[in-house]
Amino acid sequence: MHSSSLLRRFSCFNATTSSSSVIAASYPSVKKKPLVFLGSPQVSASVLESLLNASAAPDSLFEVSAIVTQPPSRRDRGRKVMPSPVAQHALDCGLPTELIFTPERAGEEMFLSNLRALQPELCITAAYGNILPTKFLKIPSLGTVNIHPSLLPLYRGAAPVQRALQDGVKETGVSLAFTVRALDAGPVIASERFQVDDHIKAPNLLEMLFSRGSELLIHELPSIFDGSARAKAQPQDDSKATLAPKIMPEESWLSFNQEASALHNKGGQVLALEFK
């Protein structure tokens, strides 16, 4: 599944392995709920870090039992084959390679079999980058919850932040929603609104929204685990939904026949590709 030359183990200041062993010794009767995290880019690594830190707390209800991320790919100027930022962060924090899954597609039978064996109660996604089939969604008993950087049902899709900046919106936000087969269409557990600075660029806004989304997730996890989040989650109004398709290469070109405001908005969004 993994190449040892690609996935290297590093030390991490907030390493969870030693913390987990201390917790287990102090609270031997507490059985934590297994949680699986799915994410790929750097903004997802910040969410993983928040989950690992929260899981190491003595009163934590859960443990991160596995990571699912995109396979290693060629990145950076040297075009070296490298693990995803999430995989690298997991390794830096001491997670064993056998608990880092990198399927090409989330519907692969071997991957699904390995996931079922873990018996996760909850899956969390943050810019994972693969479509989750029904077979996957049926595995976690409490469902799958996604951090989405928009105020759903607005900007469903791969590039919500970039499309929002392109449209010149004055307000955006981040949503926690249960995952269903329809794209970003599940019931919303919680959301938080933010004013958009006229000069902010997509990478900075993405980072801010996922950081706040991590905090929102940690706050809502108790209600997700006890089932009350499912009861309070609000269905989305599909009639108000807007789409945020991926940014195509040709969209990065600036045409000076456009209005100045349109050029300004495009300049903010083209500095980052879609997050999924």
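Modeller: A residue is called buried here when its relative accessible area is under 20%, exposed when over 50%, and partly exposed in between, with a 1.4 Å probe and protein chains only. By that cut-off, 46% of the 276 residues of the protein chain count as buried. The model is predicted: local features need pLDDT of at least 70, side-chain atom pairs count only at pLDDT 80 or more, and totals for chains, interfaces and linings use all residues. Residues are numbered from 1 along each chain as its sequence is written, and side-chain values use heavy atoms, with hydrogens and water left out.

Colleague: Why does Cys93 count as buried?

Modeller: Its relative accessibility is 2%, and the limit is under 20%, so Cys93 qualifies. Cys123, at 0%, is buried by the same test.

Colleague: How many disulfides does a search of the whole structure find?

Modeller: The search finds 0. A disulfide would need a pair of cysteine sulfur atoms within 2.5 Å.

Colleague: How many helices and strands are in the protein chain, and what makes a stretch a helix or a strand?

Modeller: The chain has 9 helices and 9 strands. Both are DSSP runs numbered from the N terminus: H or I over at least four residues for a helix, E over at least two for a strand.

Colleague: Why is helix 3 called mostly covered?

Modeller: Helix 3 spans residues 85-92, and 6 of its 8 residues are buried. They are Val86, Ala87, Gln88, His89, Ala90 and Leu91. Their cover includes strand 1 (33-39), helix 2 (42-55), strand 2 (62-68) and strand 5 (100-101). Just after helix 3, Gly94 has a positive phi of about 90°.

Colleague: How do you know that strand 8 pairs with strand 9?

Modeller: Pairing requires at least two bridges found by DSSP between two strands. Strand 8 and strand 9 (residues 188-195) have 7, in the antiparallel sense, and one of the partnerships is Thr172 with Phe194 of strand 9. Strand 7 (residues 144-148) is also antiparallel to strand 8, through 4 bridges; there Val145 is matched with Phe178. Strand 8 itself (residues 171-178) has 7 of its 8 residues buried.

Colleague: What makes the pairing in the sheet mixed?

Modeller: Strand 6 (residues 122-126) runs parallel to strand 7 over 3 bridges, while strand 8 and strand 9 are antiparallel. The open sheet has 7 strands in the order 5-2-1-6-7-8-9. Strand 5 and strand 9 each have a single partner strand, so they stand at the edges with one side lacking a neighbour in the sheet. Helix 7 (residues 202-226) packs on this sheet, and strand 1, strand 2 and strand 9 are among the strands it touches. Contact here means heavy atoms within 4.5 Å. Between helix 7 and strand 8 the angle is about 35°, taken between N-to-C directions on a scale from 0 to 180 degrees, with axes fitted to C-alpha atoms and, for helices, over the stretch in contact.

Colleague: What makes a set of residues a nonpolar core?

Modeller: The members must be buried Ala, Val, Leu, Ile, Met, Phe, Trp, Tyr or Cys, joined through side-chain atoms within 4.5 Å. The largest such core has 46 residues, of which Leu35, Phe37 and Leu51 touch the most other members. Helix 7 contributes the most to this core, with 10 residues. Leaving aside residues up to four places away in sequence, Leu51 touches residues including Phe62, Ile124 and Leu217. A second, separate core has 15 residues, among them Ala66, Phe101, Leu112 and Cys123.
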